[in-house]
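Grab your viewer and a notepad. Below are a few exercises to work through, each with its solution spelled out.

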Amino acid sequence: MKMISENVTMGIFLFCQIIVGVLGNFSILFYYVILIFIGKHLLPKDLIIEHLTFSNCLTIILRGIPRTMSYFGFNVFLDDIGCKLIMYISRITRGMSMHATCILSCFQAITIRSSNFKWMKLKYKATKYIGPFCLVSWLFHLLLNILIPARVSGPSYKENVTNRLSYEYCSLFTSDHVGAALYMFLLCFSDVLCLSLMACSSVSMVSTLYKHKRQVRNIHSAQHFQKVSPEDRASKNILILLCIFVISYSLSSLVAVIRTCSKYPVPWALNIFTLIEICFPVVSPFVLITNMKLNFSLFLPCFGKR
């Protein structure tokens, strides 16, 4: 009874987390759909945020809902094909979320340094290729995770094997073959590359913001110094976003390693892994919303000022 009570509590908490995350991400997507519908021009940064919020929505739904149903005792609701599709698409959206965050941080680092002609030229080139690069990122993750369905089995699989990671509603199998090791190395290399670019862009933004702060302090009075430029505010929000992503990614990776290396099932590790894994997709839209200019006269033009 105690375990059932804990599972129900976890299910309710995770369901609330899903609702908050989906509403936050859909509010941003809906805002951009309205802007496109009324003919407003979207900036390159807006395009990146669209891809980020869309991948976050799918990650929350595909990771959170099956786990919530298993907490409430519905473990056998997917067949083998359903498990393969959910695990495959969720891996794609997780990777795309990382790539979109990386692209956003790099583009913002270039934007706030565009006072230099060299950086301004780089920003112009980056602006032209943001859309195609996002599409290539989706294609890259479609191909990178192509082997995931072969390693996934539905809940009907009952054989007790040591290389099986159970998600209760699905199972993922590990392998000791050289090919599997090379495939895992490729996955890890992609993640490490993105994290390295995020770290470099973060250092660049912090350095630029610090120099700008010193310049403003020397030039302007205290009254003018209190005013923060939109780009500085956007950079600070993106830095917060990066910190949340790195923390959640690091913790989820640590728990995943514990689950993989453990010889016995670790129920608490799966619970923590699920909550941490969807933490970034849930929190990120509210960090982004704080920097968005929600002009409600766009939705009610008859009440807006000329």
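The exercises start with the whole chain and then go into single helices and residues; keep in mind that this is a predicted model.

**Exercise 1. Work out how the chain is laid out, element by element, and how much of it is buried.**

Solution. Start by counting: the chain has nine helices and three strands. Next, put them in order from the N terminus, which gives α-α-α-α-β-β-β-α-α-α-α-α. Then look at burial: 43% of the 306 residues count as buried. Last, check the contacts with a separation of 6 or more: 82% of them join residues 24 or more positions apart.

**Exercise 2. Find where helix H4 bends, and list its buried residues.**

Solution. H4 covers residues 117-144. Follow its axis and you hit a kink of about 50° at Ile130. Look a little further along the chain and there's a proline, Pro132, shortly after the kink. Now for burial: the buried residues of H4 are Ala126, Ile130, Gly131, Cys134, Ser137, Trp138, His141 and Leu144. So the kink residue, Ile130, is on the buried list too.

**Exercise 3. Decide how H3 and H4 are oriented relative to each other: parallel or antiparallel?**

Solution. Two quantities describe a pair of packed helices: the angle between the axes and the distance between them. For H3 (residues 80-111) and H4, the axes come within 10 Å and cross at roughly 175°. Angles over 145 degrees count as roughly antiparallel, and therefore that's the label for H3 and H4. As for what makes up their contact, the residues split into 15 nonpolar, seven polar and one charged.

**Exercise 4. Describe the surroundings of Asn145, starting with where it sits.**

Solution. Asn145 belongs to the loop between H4 and strand S1 (152-153). Its relative accessible area is 4%; the cut-off for buried is under 20%, so Asn145 is buried. One polar partner is in H4: a polar atom of the Asn145 side chain lies 2.9 Å from the backbone oxygen of His141. Setting aside residues up to four places away in sequence, Asn145 touches Tyr88, Arg91, Ile92, Tyr183 and Leu187.

**Exercise 5. Is Arg67 buried or exposed, and which residues does it contact beyond its neighbours in sequence?**

Solution. First place it: Arg67 is in helix H2 (residues 44-71). With a relative accessible area of 2%, Arg67 is buried. Then collect its contacts, skipping neighbours within four places in sequence: Leu14, Tyr167, Glu168, Tyr169, Leu270, Asn271 and Thr274.

Conventions: Residues are numbered from 1 along each chain as its sequence is written. This is a predicted model: local features need pLDDT of at least 70, side-chain atom pairs count only at pLDDT 80 or more; totals for chains, interfaces and linings use all residues. Side-chain values use heavy atoms; hydrogens and water are left out. The bend at a residue is the angle between axes fitted to the seven residues ending there and the seven starting there. Helices (H or I, at least four residues) and strands (E, at least two) are DSSP runs, numbered from the N terminus. Buried means under 20% relative accessible area, exposed over 50%, partly exposed in between (1.4 Å probe, protein chains only). Axes are lines fitted to C-alpha atoms, for helices over the stretch in contact, and angles run from 0 to 180 degrees between N-to-C directions. Angles under 35 degrees count as roughly parallel, over 145 as roughly antiparallel, 65 to 115 as roughly perpendicular and the rest as oblique. Ala, Val, Leu, Ile, Met, Phe, Trp, Tyr, Cys and Pro count as nonpolar, Asp, Glu, Lys and Arg as charged, and the others, Gly among them, as polar. A polar contact is a pair of N or O atoms within 3.5 Å; within protein, one must be able to donate a hydrogen and the other to accept it, and residues adjacent in sequence count only if both atoms are side-chain atoms. Contact means heavy atoms within 4.5 Å.
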